[in-house]
Amino acid sequence: MGFEHVMTPVVKIRNSIRSRAKQLRTFKVLLEELPTEYGDLLLHTEIRWLSRGRILLPFLSLVSEIKEFMQSRGEDAALLEDTDWTLDLAFLTDITGKQNSLNWELQGKGSGWAKCC
């Protein structure tokens with residue numbers, strides 16, 4: 001079961017927001033005005049499987065804010081309203097988050113990877 005139909009739009013949307021300074025500042029202002037857990041999205045170019053959970057969780061948590069931001073700019077946000085796509089996003093976020101946790105446990109908290117990532 002491939003999830004490129006989830007990751008490709010996530011990467012495209014994240015990079016679109018982060019790649020333009022004015023757009024990023026506007027997005028950060030929106031997040032400051034709302035009670036959100038995350039205050040920013042990290043710029044992403046290529047994601048390894050083990051880091052996808054760390055990329056997807058903030059995106060999933062901010063889906064409604066991202067949708068609102070895209071709509072305010074006149075961009076198409078229909079994908080973010082698609083229930084099936086959102087469920088796939090939530091599933092992929094959960095699975096990759098579990099992979100990250102398992103990797104953390106297997107590597108040990110004192111390992112170099114666990115400290116840096």
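Is Phe 91 buried, partly exposed or exposed, and what is its relative accessibility? The points below take up this question along with the general make-up of the chain.

1. The model is a predicted one, and its chain holds 7 helices and 0 strands. Followed along the sequence, the pattern of elements reads α-α-α-α-α-α-α.

2. The chain has 117 residues, of which 37% count as buried. About 7200 Å² of the chain is exposed, and carbon and sulfur atoms supply 55% of that area. When contacts between residues at least 6 apart in sequence are considered, 67% of them join residues at least 24 apart.

3. A search of the whole structure gives 2 aromatic pairs. In one of them, Phe 3 and Phe 91 have ring centres 5.8 Å apart and planes at 35 degrees, and the pair is therefore tilted, since this angle falls neither under 30 degrees nor over 60. The two residues lie 88 apart in the chain and link distant parts of it, with Phe 3 in the segment before α1 (4-19) and Phe 91 in helix α6 (residues 83-107).

4. The opening question can now be answered: Phe 91 has a relative accessibility of 41% and so counts as partly exposed, a class that lies between the cut-offs of 20% and 50%. Its partner Phe 3, at 8% relative accessibility, counts as buried.

5. Phe 27 and Phe 69 also form an aromatic pair, here edge-to-face, with 5.2 Å from centre to centre and 70 degrees between the planes. This pair too links distant parts of the chain, because Phe 27 belongs to helix α2 (residues 21-33) and Phe 69 to helix α4 (residues 63-72), 42 residues apart. Phe 27 is buried, with a relative accessible area of 0%, and Phe 69 counts as buried at 2% relative accessibility.

6. Helix α2 deserves a point of its own. Its 13 residues should span 18 Å at 1.5 Å a residue, and the end C-alpha atoms of α2 are 19 Å apart, which agrees with that expectation.

7. Which residues of α2 are buried? They are Gln 23, Leu 24, Phe 27, Leu 30 and Leu 31. Seen down the axis of α2, these buried residues fall within an arc of 120 degrees, so they line one face of the helix. The buried residues of α2 pack against α1 and α4, while on the other side of α2 the residues Ala 21, Lys 22, Arg 25, Glu 32 and Glu 33 are exposed.

Conventions
Residues are numbered from 1 along each chain as its sequence is written. This is a predicted model: local features need pLDDT of at least 70, side-chain atom pairs count only at pLDDT 80 or more; totals for chains, interfaces and linings use all residues. Side-chain values use heavy atoms; hydrogens and water are left out. Helices (H or I, at least four residues) and strands (E, at least two) are DSSP runs, numbered from the N terminus. Buried means under 20% relative accessible area, exposed over 50%, partly exposed in between (1.4 Å probe, protein chains only). Contact means heavy atoms within 4.5 Å. Accessible areas come from the Shrake-Rupley method with a 1.4 Å probe; for residues, only the protein chains shown count as cover. Rings of Phe, Tyr and Trp (its six-membered ring) pair if their centres lie within 6.5 Å; planes under 30 degrees apart count as stacked, over 60 as edge-to-face and the rest as tilted. The expected span of a helix is 1.5 Å times one less than its number of residues. The arc is that of the directions from the helix axis to the C-beta atoms.
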